[in-house]
Amino acid sequence: MSTAVPVRPKDWVDFHCRLCGNCCRNLEGQLMPELLDVYRLARCLRERGEVEYIEDVYNLYTHVETLEDCYPIFVMNTTGTENACVFLKDGRCSVYEVRPRVCHLYPFNAFPGQRGKAFEFYQCIDQHSAHYTEEKVLVKDWMYQNFKREDREFLTAESTTLLELGRLLRALSPEQLEENLLQILYYRYYNYDLDQPFMPQYEKNTEELKRILRDIVGR
Ligand code: SF4
Ligand code: SF4
C-alpha cells in the first residue's frame, strides 16, 4: 500500500535511483495519464510514426474506466505477468522524455496548495522505498528540474476544472450521460491539434464542455 508524507522545498531526502524499473511494474489500474501527458505522448509518438492523432494514444495505450458512475477517465494499460506499464521496454521507459507528470516527479508528487500556497509536495512511501538510501536530493531542486511551468499551470487550472465538471456530470441522469458521452469525450479528451500549443486548447475545450453540460443539466 502506498502513502504520502508531506515534504517542504527546503527538505533534503535520501534518494538514489538504481534504474531497476520497479516503479513501472505492478501498475494495473494505477496510472492515469493527465490530458497534458497524453498530448505530449501523442506528439512524441507521432514523430516516431506510431500514432497520427491524440485519440490513437488513448485507443492504443489506455482503457476507459468510470469514476463515481459518471466521470470517464483513461487508465494506462499494463502488460505481462508483472503488470508493467505498456511503455516499459527492456526494463527502461521507452517514452522517458515525455513520461507522465507523476512519473517525472516520482518519488515525490505535487498537489495544488491551500491557504495561499501554490503547491504542496509529498514523498511517496511505497513498496519501492529501498531507493531512499545513499544520496540526498533537495526537494526544491527536484521540483525545479522536474515540475515544469506548463505542468504547474495545467495542474492549477485542472483542480478547478475537475470540481466544476464533477458537479455538472453528477447532475446528469444516466440516460443523459449515455446520450452525450461522445460529445463529453470529444471536448474533454480528443479535440486537440498536436501542432498547436496545449493550454489555449485546453481552456477552450473546457469552457465549451462546461457550456454543453450546463445546457443539458438546465433542460
Ligand atoms: S525510482 Fe526506485 S523503483 Fe523506480 S527505477 Fe529508480 S530505484 Fe527503481
Ligand atoms: S511512462 Fe515510463 S516512467 Fe511512467 S510508468 Fe510507464 S514506463 Fe514507467
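Start by selecting Phe111 and Glu120 in this predicted model: Glu120, in strand S10, is the bridge partner of Phe111. Now widen the selection to strands S9 and S10, the latter covering residues 119-125; the two run antiparallel and are joined by 5 bridges.

**The sheet**

Add S1 to the view, and you have an open sheet of 3 strands in the order S1-S10-S9, paired antiparallel. Look at its edges next: S1 (3-7) and S9 (108-112) each have a single partner strand, so one side of each is left without a neighbour in the sheet. From one strand to the next, the twist averages 40 degrees.

Keep the sheet on screen and select residues 139-146. This is helix H4, lying across S1, S9 and S10. Its direction is about 75 degrees to that of S9.

**Just before S9**

Step back along the chain to Pro107, in the loop between helix H3 (101-105) and S9. Check the peptide bond that joins Tyr106 to Pro107: it is cis, with omega near 15 degrees.

**Ligand 1**

Pro107 also leads to the next stop, as one of the residues around ligand 1. Select the rest of that shell: Cys17, Arg18, Leu19, Cys20, Gly21, Asn22, Cys23, His128 and His131. Colour the shell by class and you will find 5 nonpolar, 4 polar and 1 charged residues.

Pause at Leu19, which sits in the loop between strand S2 (12-14) and helix H1 (35-47). Leu19 is not a glycine, yet its phi is positive, near 55 degrees.

**Ligand 2**

Move on to ligand 2 and show Cys24, Leu31, Cys85, Phe87, Leu88, Cys93, Val95, Arg99, Pro100 and Cys103 around it. How many nonpolar, polar and charged residues does this shell have? The count is 9 nonpolar, no polar and 1 charged.

**The helix pair**

For the last stop, select H6 (residues 174-190) and H7 (residues 198-218). Their axes are 9 Å apart, and the helices pack at an angle of about 165 degrees. H6 and H7 are therefore roughly antiparallel to each other, and their crossing is right-handed.

Turn on side chains where the two helices meet:

- From H6, show Gln176, Asn180, Gln183, Ile184, Tyr187 and Arg188.
- From H7, show Asn205, Glu208, Leu209, Ile212 and Ile216.

Coloured by class, this contact of H6 with H7 has 5 nonpolar, 4 polar and 2 charged residues.

Terms used
Residues numbered from 1 in each chain as written. Chains lettered and ligands numbered in written order. Predicted model: local features only at pLDDT ≥ 70, side-chain atom pairs only at ≥ 80, totals over all residues. Pairing = 2+ DSSP bridges. Helix = DSSP H or I, 4+ residues; strand = E, 2+ residues; numbered from the N terminus. Axes fitted to C-alpha atoms, helices over the stretch in contact; angles between N-to-C directions. Contact = placed C-beta atoms within 7 Å. Parallel < 35°, antiparallel > 145°, perpendicular 65-115°, else oblique. Left-handed = near helix turned anticlockwise from the far one by under 90°. Nonpolar A, V, L, I, M, F, W, Y, C, P; charged D, E, K, R; others polar. Near = placed C-beta within 6 Å.
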